[in-house]
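Trainee: Could you walk me through this one? I'd like to start with how a crossing gets its hand.

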Amino acid sequence: GILEENRSELRIIENELEGAAISIDRALSIARQRNDRGREASALKLRGALQRLLGYPTAAAETLKFALTLSPSSEDALLEAELLYQFGAALSAVGDDDRARDVWHRSMKGFERINARQWVGRLQKRLTEGGTHRYF
């Protein structure tokens with residue numbers, strides 16, 4: 001599961017979106033077979049990001065919203081903050097910039113709490129420049 005997540009994230013970053021979709025489906029299938037809600041939320045984070053990048057921001061927002069309902073059970077602060085980041089990007093892509101900023105502020109608090117400096121920098125950029133057409 002985690003290996004497929006890593007593969008899909010790399011493929012998204014490299015803009016190999018078709019290959020990313022296959023890896024995401026595998027990761028999601030494994031997570032659901034194992035009843036691992038944290039891994040399922042992580043795979044859905046990637047699916048939501050992919051949907052946004054493919055031009056389906058409304059579907060992305062719905063996917064990420066659902067993933068956030070699974071996230072608290074995983075007790076993974078980094079995952080929750082990343083989900084919020086991607087959810088904010090999807091909201092921005094559908095034109096809901098005010099809500100996107102609110103979500104990104106919540107994400108920023110999560111990243112600051114765990115001292116994820118690189119993510120804080122990314123979020124500062126999103127808060128000043130708005131949405132992105134990239135994964136990050």
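Mentor: A crossing is called left-handed if the near helix is turned anticlockwise from the far one by less than a right angle, and right-handed if clockwise. Here H1 passes H2 in a left-handed crossing. This is a predicted model, where local features need pLDDT of at least 70 and side-chain atom pairs count only at pLDDT 80 or more, while totals for chains, interfaces and linings use all residues. Residues are numbered from 1 along each chain as its sequence is written, and side-chain values use heavy atoms, with hydrogens and water left out.

Trainee: At what angle do H1 and H2 cross?

Mentor: The axes of H1 (residues 2-13) and H2 (residues 17-33) cross at roughly 160 degrees and come within 8 Å. The two helices are therefore roughly antiparallel to each other (an angle over 145 degrees).

Trainee: Which residues of H1 meet H2?

Mentor: Among them are Glu4, Arg7 and Ile12 in H1, and on the H2 side the contact includes Leu17, Ser23 and Ala27, where contact means heavy atoms within 4.5 Å. The residues of this contact divide into 5 nonpolar, 3 polar and 5 charged.

Trainee: Switching to the whole protein, how many helices and strands are there?

Mentor: There are 7 helices and 0 strands, counted as DSSP runs (H or I of at least four residues for helices, E of at least two for strands).

Trainee: And how much is buried?

Mentor: Of the 136 residues, 47% count as buried, that is, under 20% relative accessible area with a 1.4 Å probe, protein chains only. The C-alpha atoms fill a box of roughly 40 × 30 × 25 Å along the principal axes.

Methods
Axes fitted to C-alpha atoms, helices over the stretch in contact; angles between N-to-C directions. Parallel < 35°, antiparallel > 145°, perpendicular 65-115°, else oblique. Nonpolar A, V, L, I, M, F, W, Y, C, P; charged D, E, K, R; others polar. Buried < 20%, exposed > 50% of the residue type's maximum accessible area, 1.4 Å probe, protein only.
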